[in-house]
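Please take the sequence and the 3D structure below as the starting point for a guided reading. The paragraphs that follow go through the sheets, the helices that pack on them, and the surroundings of the ligand.

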Amino acid sequence: MENCSIEFNLNIRNQQVQIPIFENLGIELWIKREDEIHKQISGNKFRKLKYNILEAKDLQKKKLVTFGGAYSNHILAVAATGNLHGFETIGVIRGEELALDLETVLKENSTLRNASELGMKFNFIDRESYRNKDSNEFQVYLKKKFGDFYLIPEGGTNQLAIKGCEEILTAEDEKFDYICLAVGTGGTISGIINSVKNHQQVLGFPALKGDFLKKEIQQLISVQNRNWSLVTEYHFGGYGKFNTDLIRFMNEFKEETGILLDPIYTGKMMYGLLDLIKKRTFRKGAKILAIHTGGIQGITGVNRKLIKKNLEVIKV
Ligand SMILES: *Cc1c(COP(=O)(O)O)cnc(C)c1O
């Protein structure tokens, strides 16, 4: 079994992005490199797990159970964190068909393979059961199957996760007018909203379709801060969906800035943000901080799909 690297980098830098049009528009864009925290526990997943792990230890739990799709950044992060802290880990994975030929699945899917090498055990379930995973009935099933465990919700979002995400911004970041980030379940943006200053505006870019997120975030945040909004035009067809336009943009961005984005979250956010900047949505002199929430591990899986379709791949 491969052991998880204990190399963490919590000395996070803000990197300025210099693109010619910014100068004309008088815009400053900086990127918070949370993607550099850890190879497998990257970005916001580290933040979201931090206090959950402390809680699981306090409760003397030995086992972590969580949920995710077959390419989930969260699944790999839980596998790696559990490995590091001596927990058994169980990933309840959407898609019962994956269990039919696990050997091939592990060969082809680096997320699940890495998680498996870190000791995670999988429980593959059908999509219908997955949708009902928060029901009492399913909780009973899990208890019966796995005994005593600490449950981490899908995507890791709970109040302890939000507490961890309140630590992303530092005093040095108070000079920014806008904080931009990708949104999945809304846990990370909730921590950001809780921790921004009054003069700061938060812009979330959902990576999925649907307008349920606004309500969910309203229920997750603990402040009555109205300085936030969701930019809902850049989901590229929904969660996990992407097109040639997005991939080409990510490759150009990498070429120009040296920064690798992920196709599920941060690529969409940056595409949207640069589009808004080009459309002169921000006033002259605005200072923008975009958070690179990580997710680089997911590129391998997406590139496999792109190769199969004979399309341009993400250059790493
Ligand atoms: C999980 C994830 C997100 C979404 O975070 P939420 O707290 O679920 O909104 C954003 N970016 C990356 C890279 C992620 O892995």
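In this predicted model, one open sheet is built from 6 strands in the order β1-β2-β10-β7-β8-β9, and the pairing within this sheet is mixed. Its edges are formed by β1 (14-17) and β9 (228-230), each of which has a single partner strand, so that one side of each is left without a neighbour in the sheet. Averaged over the sheet, and with direction ignored, neighbouring strands are turned by 25° against each other.

Within this sheet, strand β7 (residues 178-183) and strand β8 (residues 201-206) run parallel and are joined by 6 bridges; at one position in this pairing, V183 stands opposite P206 in β8. Helix α9 packs on the sheet, where α9 touches β7, β8, β9 and β10 (287-291), and the direction of this helix makes about 160° with that of β7. Helix α10 (residues 213-220) also packs on the sheet, touching β7, β8 and β9, with a direction that makes about 150° with that of β9.

The other sheet to consider is an open one of 4 strands, arranged in the order β5-β4-β3-β6, and here the pairing is parallel. Because β5 (121-125) and β6 (150-152) stand at the edges with a single partner strand each, one side of each is left without a neighbour in the sheet. Neighbouring strands of this sheet are turned by 20° against each other on average, again with direction ignored.

Strand β3 (residues 63-68) pairs with β6 in the parallel sense over 3 bridges, and in that pairing L64 has Y150 of β6 as its bridge partner. Helix α3 (residues 73-85) packs on this sheet, touching β3, β4 (88-94) and β6, and its direction makes about 170° with that of β3.

From the sheets we can turn to the ligand, which has 14 residues around it, and of these K45, K48, N73, T185 and T188 come nearest. Which kinds of residue make up this shell? Its members divide into 2 nonpolar, 10 polar and 2 charged residues.

Several polar side-chain atoms can be placed against particular ligand atoms. For K48, a polar side-chain atom lies 2.6 Å from an oxygen atom of the ligand, while an N or O atom in the side chain of N44 is 2.9 Å from an oxygen atom of the ligand. In the case of T293, the ligand atom concerned is a nitrogen, which a polar side-chain atom of this residue approaches to 2.7 Å. Taken alone the ligand exposes 380 Å², of which the protein buries 98%.

The elements that contribute two or more residues to the shell around the ligand are α2 (44-58) and α9 (187-195), with α2 supplying the largest share, namely 3 residues. Helix α9 therefore appears in both parts of this reading, since the helix that gives two or more residues to the shell around the ligand also packs on the sheet that contains β7.

Definitions and conventions. Residues numbered from 1 in each chain as written. Predicted model: local features only at pLDDT ≥ 70, side-chain atom pairs only at ≥ 80, totals over all residues. Heavy atoms only, no water. Pairing = 2+ DSSP bridges. Axes fitted to C-alpha atoms, helices over the stretch in contact; angles between N-to-C directions. Contact = heavy atoms within 4.5 Å. Near = heavy atom within 4 Å. Polar contact = N/O pair within 3.5 Å; in protein donor to acceptor, adjacent residues only side chain to side chain. Areas by Shrake-Rupley, 256 points an atom, 1.4 Å probe, with all protein chains shown as cover. Nonpolar A, V, L, I, M, F, W, Y, C, P; charged D, E, K, R; others polar.
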